[in-house]
Amino acid sequence: MSGDAMDMATQEAGNGKWGMTWFGHATWRVQYGDSVVWVDPFLADNPSCPITVEEVERADAILVTHGHFDHVADVAALAKHTGAVVVANFEIAQWLSGKHGVANTVGMNVGGRAPLPQGSVKMVPAIHSSSLPDGTYGGLAAGLVLEFEDRRLYFAGDTSLCSEMKLLTGSIDVAVLPIGDLFTMGPEDSLEAVRWMQPRGVLPSHYNTWPPIQQDAAAWKSSVESETSSRAYVPEVGQTLWI
Ligand code: NI
Ligand code: MN
């Protein structure tokens, strides 16, 4: 992690090499060079998402944090549409290949690291459940740390505030944290996570999809920036931040 101030532009072509786009709920696209990674793609039944699986132009890898429908519903379809490798915990990888015909999967588990195009992903603890939509056991829910050259991106996934986040203190450039409450941590606990981890930038996720997880992201951003040294960015759906 360099000491430079993070240059995070909101235009489509900024100074950074890493583009992060929010597609609503917990669905993110990370692009760097000519590689594209999706995290928890939830498109068809995601009321916030403006595009369909068929409209996705590219995915080299699809990363899955856990087995709930709002994280796995479109994984198989997107994998077939794009030919991407799916990286998930062992149980979800087995389910996708065995029951949904996904050709290329990597099964892993918490604590492990798997290669990505031009980088790697480490699966880290989250506190959450992970049953698959048909009731199959979905292994442990996880967070993901994506490591590329000089960027470390943390996707907390669905989780409560947990002390394992302290292990990431000072090592994260951009943290993507749930703020929706009810199913995950809410704004106050995510603010505490920012205090602990001290990422350079933080983005809110898993909110405003449905009324029970409605949150005021602007107020959350103000709290983060007045009470921590991290910068908060609240992208619109479909907007790309270049970091
Ligand atoms: Ni969940
Ligand atoms: Mn969820």
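The following paragraphs lead through a predicted model, beginning at its two metal ions and moving on to its aromatic pairs, one helix and one loop residue.

The nickel ion (ligand 1) is held by four protein donors, namely His 66 (NE2), His 68 (ND1), His 128 (NE2) and Asp 158 (OD), at distances of 2.2 to 2.3 Å. Along the chain these donor residues follow the spacing H-x1-H-x59-H-x29-D. The angles among the 4 donor atoms run from 88 to 176°, and the site is irregular. His 66 belongs to the loop between strand S4 (61-63) and H1, while His 128 belongs to the loop between strand S8 (119-125) and strand S9 (142-148), so this pair ties together parts that are 62 residues apart in sequence. His 66 is buried, with a relative accessible area of 0%, whereas His 128 is partly exposed, at 24%.

The manganese ion (ligand 2) is coordinated by Asp 70 (OD), His 71 (NE2), Asp 158 (OD) and His 206 (NE2), at 2.1 to 2.2 Å. Its donors are spaced D-H-x86-D-x47-H in the sequence. Asp 158 bridges the manganese ion and the nickel ion, which lie 3.2 Å apart. Asp 70 sits in helix H1 (residues 69-72) and Asp 158 in the loop between strand S10 (151-155) and strand S11 (174-178), so the two tie together parts that are 88 residues apart in sequence. Asp 70 is buried, with a relative accessible area of 7%, and Asp 158 is buried as well, with a value of 2%.

Aromatic side chains provide further links. A search of the whole structure finds 9 aromatic pairs. In one of them, Trp 28 and Phe 155 meet edge-to-face, with 6.5 Å from centre to centre and 65° between the planes. This pair joins distant parts of the chain, since Trp 28 is in strand S2 and Phe 155 in strand S10, 127 residues apart. Trp 28 is buried, at 0% relative accessibility, and Phe 155 is also buried, at 3%. Another pair, Phe 69 and Trp 210, is tilted, with 6.4 Å from centre to centre and 40° between the planes. Phe 69 lies in helix H1 and Trp 210 in the loop between S12 and H5, so this pair ties together parts that are 141 residues apart in sequence. Both of its members are partly exposed: Phe 69 has a relative accessible area of 46% and Trp 210 one of 26%. Trp 28 and Phe 155 also belong to one aromatic cluster together with Trp 22 and Tyr 207.

Helix H5 (residues 217-227) has Ala 217, Trp 220 and Val 224 among its buried residues. These three cover an arc of only 55° around the axis, which puts them on the same side of H5. An α-helix has 3.6 residues a turn, so residues three or four places apart point the same way. The cover over the buried residues of H5 includes helix H4 (187-197), strand S12 (201-205) and strand S13 (231-232). At the start of H5, a side-chain oxygen of Asp 216 comes to within 3.1 Å of the backbone nitrogen of Ala 218.

Finally, Thr 27 is found in the loop between strand S1 (18-22) and strand S2 (28-32). Thr 27 is buried, with a relative accessible area of 0%. Beyond residues up to four places away in sequence, Thr 27 touches Thr 21, Trp 22, Trp 38, Val 39, Asp 40, Pro 41, Phe 42, Leu 43 and Asn 46.

Methods
Residues are numbered from 1 along each chain as its sequence is written. Chains are lettered from A and ligands numbered from 1 in the order in which they are written. This is a predicted model: local features need pLDDT of at least 70, side-chain atom pairs count only at pLDDT 80 or more; totals for chains, interfaces and linings use all residues. Side-chain values use heavy atoms; hydrogens and water are left out. Helices (H or I, at least four residues) and strands (E, at least two) are DSSP runs, numbered from the N terminus. Buried means under 20% relative accessible area, exposed over 50%, partly exposed in between (1.4 Å probe, protein chains only). Contact means heavy atoms within 4.5 Å. Donors are N, O and S atoms within 2.8 Å of the metal (3.2 Å for Na, K and Ca); water is not among the atoms, so sites may look incomplete. The arc is that of the directions from the helix axis to the C-beta atoms. A polar contact is a pair of N or O atoms within 3.5 Å; within protein, one must be able to donate a hydrogen and the other to accept it, and residues adjacent in sequence count only if both atoms are side-chain atoms. Four donors count as tetrahedral if all angles lie between 85 and 135 degrees; four count as square planar and six as octahedral if opposite donors are over 155 degrees apart and all others between 65 and 115; anything else is irregular. Rings of Phe, Tyr and Trp (its six-membered ring) pair if their centres lie within 6.5 Å; planes under 30 degrees apart count as stacked, over 60 as edge-to-face and the rest as tilted.
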